[in-house]
Amino acid sequence: MNVLLIDINPFSPSLTPISLGYIASFLKSKGFNTRILSLGENTLISRTNLCEIVRRFNPALVGLSAYQRTMLYVNGLAKLIKSLNKDIKLAIGGPQATFMPSSAFSELPDIDYISRSSGEETVLHVAQAIKNGTPFSNLLGVSYKDANGEVFDTPELDAAADLDIYSSPYLDDTFDYSRMSEAIMLTSRGCPHDCIYCYTPNAFKHKVSFHSVDRVIEEIKWIRKKGVKRLWFADPNISLKPARLMEIFDKMLSEGLDMQMWLQTRADLVDPEVMKIMKLSGVSTIAFGLESASERVLARMGKHISVERVAEAVKPAQNEKIEVELFTIFGLPYETFEDAVKTLEFMKANKVKIMGNTNSQQMQIYFGTHMARRKDIIKPGICAACGACAASCPSIIMEGEKPKLVGPCTACGICYNQCPRTITTEEGLVGSIRHPYAARSALKGVKGQDGGVVTSLLAYALEEGLLDCAIVTVKSEDDPWRPVPVIATTYDEIMESAGSIYTHSMTIQALMNAVLQGMRSIAFVGPPCNIDAVYKIYKSPYGLLHMFMRANIFPLGLFCMDTFSHEGIEEFVASKHLGLEDIESMKIWRGKIELEKGSETFVYDLSELDPYRSSSCKYCTDLTARHAAISFGGVGTPDGWTTVFTRSGRGYEIFHEAVEMGYIESRDLEEKEMARVLNLARMKKVQKYGIIRREK
């Protein structure tokens, strides 16, 4: 089986993709035919050439390196590959993927797997599953989207403590040395520190694993033999174990391995003697992390290092004629313009050239970092200053009215789950449920949305005399797909209302008209916002329905993530050279909108409808209509089924009667199906935190 691994970065020249090299080498050792393609700003390749490479190699699996600034290119490349062969499976891995929410699949329609754990082991599991003809079975270390578009998260895979168990991409000639001017090496992986902006510590669980010194020397020998004279050590802190690094340099000197080297480490992990050995061994450039020369700002970054200590590391390096680069970030939390100027002044005072890695980078928030978690609660200003996080974790203290990380973060999630502003329980996400089911209509000819359960339930209740009428929505006869609320009193009228209309329907007026007409047992069908209105009208002492005490309202809620203006949907359909009058069915699910016209089905990304999204939906946090007697939705269950939450006693009994009388087929909702509902409900809940607050 062929596996193609692609690194794409149009912002810099093509480099040795060391991480993909390890994965390719490991897969080769397990019998897979692998190839690496590195696409940089200097790569001379056209779209046609790229397509031809994919066609000729014919991979069953393509792996793509995912970094924050390359995601648009990754997404576009995935779309291109799928257009060539929809059966090719696509996986992403790397810094942007490890902690990426599974909800990202809705924005990555062509990606099948998101790698969460060690690349070698994770991709091997995926490749073996594909080779066995079961691409979505026996997986570990990934989130995946199966053939039906359902999303699953699998348990993590533990990374190896001894890196020597992984075969070497250098020793087995995975790389093309003829195009290599510089070899990137990893003698270790991971970082034990706590910098709040960095992804690496949490990705490696604050642990560091190493290659043996002998393995490192063996690789350097082979690289040198192949004619490459420059090494780039990508270890986050290569001098974490100074004695080990000195042993590597000693062996390089004794073996006569004349190499020019770039490396990076912390400023508190070097001293003048180490610098002397580095220079003697061939180190030409060393990079330290400064981030900010403002002590006030730096003290809050979790680095536990001072500006003075960085200056103390710079001087001996320069004394040995080793070029110094300093990683700096502008736009850091708490940073002012004056703080940023201090960083520039530090560079000038210490004679550090503004070039290469010393060019300051803008602050970015990456998945998996302390800052990403802090952004959820503290930055929006919703922290209650209750101290629950500090009480549950020894690494957190309260500084004033804000939590501050002062020790190692292991990403255990305890603080997040204790926070009163996060929503993590099932009831908090979807409300009180008596019992969850998966159901579908057992009636012939029902053409309702998903499983047609709402239509069948209403048909049963009307025919049994349990209802006088139902407030439902139908499509306008004069203006196609414009919602019209009606009072349905017959089986045929219920059947006419089957299916979803993704536009607000003013059903409350129809409800009031039914009450005024003397209807006493009324089913009311609507999305969460309409159900909430009925709840308040019916329950509040100021509500209108308290004047009609004999009216008994039976609210049936429809899951809802978004609605769209009628004019917007009309404009969207017209942009596809279709007419609303020709559309027979419309369905939104799994990030797509499906339009049916006769025997044809047109499928588009739901994101294309974003400009027409109802503004009120940004403020709604209720996916499942928590105040309904029964809630229904197409989330979680397979195609042709409906997720059903019975909530009230009356709702539970009527649903069961409809099942017993043969109107509905049902089964218990599976745990993985409920998990999908909870994931989407969580997305709906937290979107309100993204609303920018008005300045006081």
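**Tutorial on a predicted model**

Student: This is a predicted model, so let's start local: which elements help cover the buried residues of α2?
Tutor: The residues to be covered on helix α2, which spans 47–57, are Leu-50, Cys-51, Ile-53, Val-54 and Phe-57. Their cover includes two strands and a helix, namely β1 (2–9), β2 (33–40) and α3 (71–84).

Student: Why do the buried residues of α2 end up on the same side?
Tutor: The residues in question are Leu-50, Cys-51, Ile-53, Val-54 and Phe-57. They share a side of α2 because, seen around the axis, they cover an arc of only 155 degrees.

Student: And which exposed residues sit on the face of α2 turned away from its buried side?
Tutor: Exposed means over 50% relative accessible area here. On the face turned away from the buried side of α2, the residues that fit are Thr-48, Arg-55 and Arg-56.

Student: What follows α2, and what is its phi?
Tutor: Go past the end of α2 and you hit Asn-58. Asn-58 sits in the loop between α2 and β3 (61–65). It isn't a glycine, yet its phi is positive, near 55 degrees.

Student: Is Asn-58 buried, partly exposed or exposed?
Tutor: Buried stops under 20% and exposed starts over 50%. Asn-58 has 48% relative accessibility, so it counts as partly exposed.

Student: Tyr-334 also caught my eye: what is its phi, and how does it count for exposure?
Tutor: Tyr-334 lies in the loop between β14 (323–330) and α11 (337–349). Its phi is near 75 degrees, a positive value in a residue other than glycine. With 31% relative accessibility, Tyr-334 counts as partly exposed.

Student: Let's try another helix: which strands do the buried residues of α20 pack against?
Tutor: In α20 (residues 566–575), the buried set is His-566, Gly-568, Ile-569, Phe-572 and Val-573. They cover an arc of only 160 degrees around the axis, which puts them on the same side of α20. That buried set packs against β23 (585–589), β24 and β25.

Student: How do β24 and β25 pair, parallel or antiparallel, and over how many bridges?
Tutor: β24 covers residues 592–597 and β25 covers 600–605. One pair to look at is Lys-592, which stands opposite Asp-605 in β25. The sense is antiparallel, and the count is six bridges.

Student: Which residue in the hairpin of β24 and β25 takes a positive phi?
Tutor: The hairpin has two residues between the strands. The positive value is near 60 degrees, and the residue that takes it is Gly-598.

Student: Now the open sheet: which are its edge strands?
Tutor: Six strands line up in the order β8-β11-β12-β13-β14-β15, and the pairing is parallel. An edge strand pairs on one side only, and that picks out β8 (183–185) and β15 (361–362).

Student: Inside that sheet, what is the bridge partner of Thr-285 in β14?
Tutor: Strand β13 takes in residues 283–291, and it pairs with β14 in the parallel sense over six bridges. For Thr-285, the bridge partner in β14 is Glu-323.

Student: On to empty space: what is the volume of the second largest cavity?
Tutor: Three cavities come out at 30 Å³ or more. The second largest is lined by Trp-481, Ile-501, Tyr-502, Thr-503, His-566, Ile-569, Leu-580 and Met-586. Among those, His-566 and Ile-569 are also buried residues of α20. The volume of this cavity is about 40 Å³.

Student: What about the second largest pocket: which element gives the most to its lining?
Tutor: This pocket holds about 720 Å³ of space. It has 21 lining residues, and the closest to its centre are Ser-14, Leu-15, Ser-38, Asp-176 and Arg-179. The top contributor gives five residues, and that element is β2.

Student: Zooming out, what share of contacts joins residues at least 24 apart?
Tutor: The chain has 22 helices and 28 strands, and buried residues make up 50% of its 696 residues. Counting contacts between residues at least 6 apart in sequence, the share joining residues at least 24 apart is 70%.

Student: Last one: over which residues is the pLDDT below 50?
Tutor: The chain's mean pLDDT is 88, with 93% of residues at 70 or more. The stretch you want has 10 contacts in the model beyond near neighbours in sequence, and it runs over residues 689–696.

Methods
Residues numbered from 1 in each chain as written. Predicted model: local features only at pLDDT ≥ 70, side-chain atom pairs only at ≥ 80, totals over all residues. Heavy atoms only, no water. pLDDT = per-residue confidence, 0-100. Contact = heavy atoms within 4.5 Å. Pairing = 2+ DSSP bridges. Helix = DSSP H or I, 4+ residues; strand = E, 2+ residues; numbered from the N terminus. Buried < 20%, exposed > 50% of the residue type's maximum accessible area, 1.4 Å probe, protein only. Arc of directions from axis to C-beta. 1 Å grid on protein atoms, 1.4 Å probe; cavity = no way out; pocket = protein on both sides within 12 Å on 5 of 7 lines; lining within 4 Å. Points joined across faces, edges and corners; volume = space filled by probe spheres on them.
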